[in-house]
Amino acid sequence: MNPVLAEIYSTIIPSAPFVIAAYALLLVVLFVYVFSIARGFKKAEAQMAVLEEAIAELNEKNAQ
């Protein structure tokens, strides 16, 4: 093997587990963030549905 490549690989390979762990942690954090945002959207949609229903009931009462 080329001595230059051997030196490059010897500096990169020992740090590979840390790089892999960093990417894995980043992906886990990203998935948790996306999950929490999606849950918040569902909660907001449910609240909007309740509000729309209440507004519709008020409009019916006012129309009568």
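What share of the 64 residues in the chain is buried? In this predicted model, buried residues make up 0% of the chain. Let's see what sort of structure goes with that value.

The chain holds two helices and zero strands. Its radius of gyration is 27 Å, well over the 11 Å that the globule rule gives for 64 residues, so the chain is more spread out than a compact globule. You can picture this from the C-alpha trace, which spans about 90 × 15 × 10 Å along its principal axes.

Here are some values for the whole chain:

| Property of the chain | Value |
|---|---|
| Radius of gyration | 27 Å |
| Span of the C-alpha trace along the principal axes | about 90 × 15 × 10 Å |
| Exposed area | about 6,100 Å² |

Carbon and sulfur atoms supply 72% of that exposed area.

Now look at helix α2, which covers residues 16-63. At 1.5 Å a residue, its 48 residues should span 70 Å, and the end C-alpha atoms are indeed 70 Å apart, so the two values agree. The number of buried residues in α2 is zero, so this helix lies largely in the open.

Helix α1 takes up residues 3-12, and Ile8 has its place there. Is Ile8 buried, exposed or partly exposed? Ile8 counts as partly exposed because its relative accessibility is 38%, and the cut-offs for that class are 20% and 50%. Ile8 also belongs to a nonpolar patch on the surface, together with Met1, Val4, Leu5, Tyr9, Ile12 and Ile13. Together, the residues of this patch have about 720 Å² of accessible area.

Note on methods:
Residues are numbered from 1 along each chain as its sequence is written. This is a predicted model: local features need pLDDT of at least 70, side-chain atom pairs count only at pLDDT 80 or more; totals for chains, interfaces and linings use all residues. Side-chain values use heavy atoms; hydrogens and water are left out. Patches are made of residues with over 30% relative accessible area and no salt bridge: like charges are joined within 9 Å, nonpolar side chains (Val, Leu, Ile, Met, Phe, Trp, Tyr) within 5 Å. Accessible areas come from the Shrake-Rupley method with a 1.4 Å probe; for residues, only the protein chains shown count as cover. A salt bridge is a side-chain nitrogen of Lys or Arg within 4 Å of a carboxyl oxygen of Asp or Glu. Helices (H or I, at least four residues) and strands (E, at least two) are DSSP runs, numbered from the N terminus. Buried means under 20% relative accessible area, exposed over 50%, partly exposed in between (1.4 Å probe, protein chains only). The expected span of a helix is 1.5 Å times one less than its number of residues. The radius of gyration is taken over C-alpha atoms; the globule rule is 2.2 Å times the number of residues to the power 0.38.
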